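Let's walk through this one as a quick back-and-forth. Have a look at the sequence and the structure first, then we'll take the questions one at a time.

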Amino acid sequence: MSASTVSKKGDLIMERKIVSISSKRQITIPQKFFEALRFTNEAECVIRGNELVIRPARTNSGGEFAEEILAELIKKGLSGDELLKEFKSIQAKIRPAIEAIISEADEVASGSGEYYTYDDIFGSED
């Protein structure tokens, strides 16, 4: 049995529904929530404090750099299938590269990673 409630906090309306967890640790996202949030075939689970947030998986895989990638490949003279193949190859490398940068930043922030200053990279202005 599931219970459903609606509450309002300021201008934010929150809808809450209790769902069952199967013996295989599975839940079903209520259809109303599924449609309202435009889930597809993947969900992202995030632990935030003592909460589990389930939201539609982000499909952004470097698309924000698409124009720059294409411009560079066109400058190199690529077109047609060759352009498409190289574009997909480069685009697939963006997410892992950004994840590595974030990981390194986390290490530096925790005091266990090596870091470089602006002067280390570009030299001093003296």
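Q: Is R38 buried or exposed?
A: Keep in mind that this is a predicted model. R38 sits in the loop between helix 1 and strand 3. Exposed means over 50% relative accessible area. R38 has 70%, so it counts as exposed.

Q: What is the phi of R38, and what is its sign?
A: Most residues other than glycine have a negative phi. R38 is not a glycine, yet its phi is positive, at about 60 degrees.

Q: Where does R25 lie, and what is its phi?
A: R25 is found in the loop between strand 2 (12-17) and helix 1 (31-36). R25 is a residue other than glycine, and its phi is a positive value, near 65 degrees.

Q: What relative accessible area does R25 have, and is it buried or exposed?
A: The cut-off for exposed is over 50%. R25 comes in at 72%, so this loop residue is exposed.

Q: In which order do the elements of the protein run?
A: There are four helices and four strands to place. Going from the N terminus on, the order is β-β-α-β-β-α-α-α.

Q: How many bridges join strand 3 to strand 4, and how do the two strands run?
A: Strand 3 covers residues 43-48 and strand 4 covers residues 51-56. Across the pair, A43 stands opposite P56, and V46 stands opposite V53. The strands run antiparallel, and the number of bridges is six.

Q: Which residue takes a positive phi in the hairpin of strand 3 and strand 4?
A: This hairpin has two residues between the strands. The phi in question is near 65 degrees, and the residue that takes it is G49.

Q: How many residues of strand 3 are buried?
A: Buried means under 20% relative accessible area. Strand 3 has six residues and is hardly covered. The count of buried residues there is zero.

Q: Which residues does C45 touch, leaving out those up to four places away in sequence?
A: C45 belongs to strand 3. At 53% relative accessibility it counts as exposed, because the cut-off is over 50%. Its contacts beyond four places in sequence are L52, V53 and I54.

Q: How far apart in space are C45 and R55?
A: In sequence the two are ten residues apart. From C-alpha to C-alpha, the distance between C45 and R55 is 6.7 Å.

Q: What is the radius of gyration of the protein?
A: For a compact globule of 126 residues you'd expect something near 14 Å. The C-alpha atoms here fill a box of roughly 65 × 45 × 35 Å along the principal axes. The radius of gyration of the protein is 23 Å.

Q: What share of the 126 residues is buried?
A: The accessible surface of the protein comes to about 11200 Å², with 53% of it on carbon and sulfur atoms. Contacts between residues at least 6 apart in sequence join residues at least 24 apart in 13% of cases. As for buried residues, the share is 10%.

Q: How far apart do the centres of the positive and negative side chains lie?
A: The protein carries 17 positive and 22 negative side chains. Taking the centre of each set, the two lie apart by 15 Å.

Terms used:
Residues are numbered from 1 along each chain as its sequence is written. This is a predicted model: local features need pLDDT of at least 70, side-chain atom pairs count only at pLDDT 80 or more; totals for chains, interfaces and linings use all residues. Side-chain values use heavy atoms; hydrogens and water are left out. The radius of gyration is taken over C-alpha atoms; the globule rule is 2.2 Å times the number of residues to the power 0.38. Buried means under 20% relative accessible area, exposed over 50%, partly exposed in between (1.4 Å probe, protein chains only). Contact means heavy atoms within 4.5 Å. Accessible areas come from the Shrake-Rupley method with a 1.4 Å probe; for residues, only the protein chains shown count as cover. Lys and Arg count as positive and Asp and Glu as negative; His and the chain ends are not counted. The place of a charge is taken as NZ of Lys, CZ of Arg, CG of Asp or CD of Glu. Two strands pair if DSSP finds at least two bridges between them.
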